[in-house]
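Reader: I am in my first year and still learning how to read a model like this one. Could you take me slowly through a single part, the small sheet, and then through the charged pairs that hold on to one another?

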Amino acid sequence: MSVDGYIDDGTSERLLLSGDEDFDRVDEVRAGCDAIMVGAGTVRRDDPRLLVRSPARRRERVARGLPACPAKVTLTATGDLDPASRFFTAGDAEKIVYAASGAVDGLVSRLGATAAVVDAGEPADLRRVLRDLAGRGIRRLMVEGGGAVHTWFLLEDLADEIRLAVAPFFVGDPAAPRFVGAGRFPQGPLRRMDLAEVRALGDVVVLRYLVGRERSPERGDR
């Protein structure tokens, strides 16, 4: 995100927030996961491929008996997904779409054999989604975005850690998407997260937070 918390600007062009070193870090994290999740809004806006880019990392996964790239997962309330998007067309990774009950039939008809379409409930239930993923052998899930999905995971207290890359500039556009939206997050003053790692990658700093346990505020912390 930018220093002021934005993950994009308000233009039609994707804003690049980091550089090659951080993109390689993200690729390394992807290679170590069983699946990568983004929201349907990110699929529509960014048209991501969600693949492991490094040939060496793909070979390492195959040597361990894994697919070359993790499964791709998205969530949709409306079913507004284009089967021609790169989420579906790029690579041979398994594709799974979790949809609110009312959107399932239309998606099954539109996507055909392109992806597995799973009923996530009405409204969609994130815990139901995660139970289904666990049943498919997904143990390590990387949630890449966007802001609505980040917010949902954090409000539901379903994130184990946050890896946050901060770019050294401001966006300042109230119409642009942010890292998270508004909400009553469990990770507040009584449940501070633990800062596990700080890395400088070029002019970007990467912060890794572990979700903290509830604690009493210490004197002078206010």
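Author: A good place to begin is a single pair of residues, for Ala165 stands opposite Val206 in S8. Please keep in mind throughout that this is a predicted model. Strand S8, which covers residues 204-210, is joined to S6 by six bridges, and the two strands run antiparallel. In general, the strands of a sheet pair through backbone hydrogen bonds, and they may do so in a parallel or an antiparallel way.

Stepping back from that pair of strands, you can find an open sheet of three strands in the order S6-S8-S7, with antiparallel pairing. Strand S6 (161-166) and strand S7 (194-201) are the edge strands, each of them pairing on one side only. If direction is ignored, neighbouring strands of this sheet are turned by 15 degrees against each other on average.

Let us now turn to the charged pairs, where the count comes to 16 salt bridges. One of them is formed by Asp22 with Arg25, whose closest N and O atoms are 2.6 Å apart. Because Asp22 and Arg25 are three residues apart in helix H1 (residues 20-31), they are separated by about one helical turn. Both Asp22 and Arg25 are buried.

Another salt bridge is the one between Arg57 and Asp24, with the closest N and O atoms 3.0 Å apart. This pair links distant parts of the chain, since Arg57 belongs to helix H3 (residues 55-63) and Asp24 to helix H1, 33 residues apart. Arg57 is buried, with a relative accessible area of 16%, whereas Asp24 is partly exposed, with a relative accessible area of 41%.

A further salt bridge is formed by Asp80 with Arg44, and here the closest N and O atoms are 3.9 Å apart. Asp80 lies in the loop between strand S2 (71-76) and helix H4 (86-89), while Arg44 lies in helix H2 (residues 40-46), so the pair ties together parts that are 36 residues apart in sequence. Asp80 counts as partly exposed at 45% relative accessibility, and Arg44 counts as partly exposed at 45% relative accessibility.

Finally, salt bridges that share partners join Glu161, Arg163, Glu197, Arg199 and Arg208 into one network. To place these residues, look back at the edge strands, S6 (161-166) and S7 (194-201), and at strand S8 (residues 204-210).

Notes:
Residues are numbered from 1 along each chain as its sequence is written. This is a predicted model: local features need pLDDT of at least 70, side-chain atom pairs count only at pLDDT 80 or more; totals for chains, interfaces and linings use all residues. Side-chain values use heavy atoms; hydrogens and water are left out. Two strands pair if DSSP finds at least two bridges between them. Helices (H or I, at least four residues) and strands (E, at least two) are DSSP runs, numbered from the N terminus. Axes are lines fitted to C-alpha atoms, for helices over the stretch in contact, and angles run from 0 to 180 degrees between N-to-C directions. A salt bridge is a side-chain nitrogen of Lys or Arg within 4 Å of a carboxyl oxygen of Asp or Glu. Buried means under 20% relative accessible area, exposed over 50%, partly exposed in between (1.4 Å probe, protein chains only).
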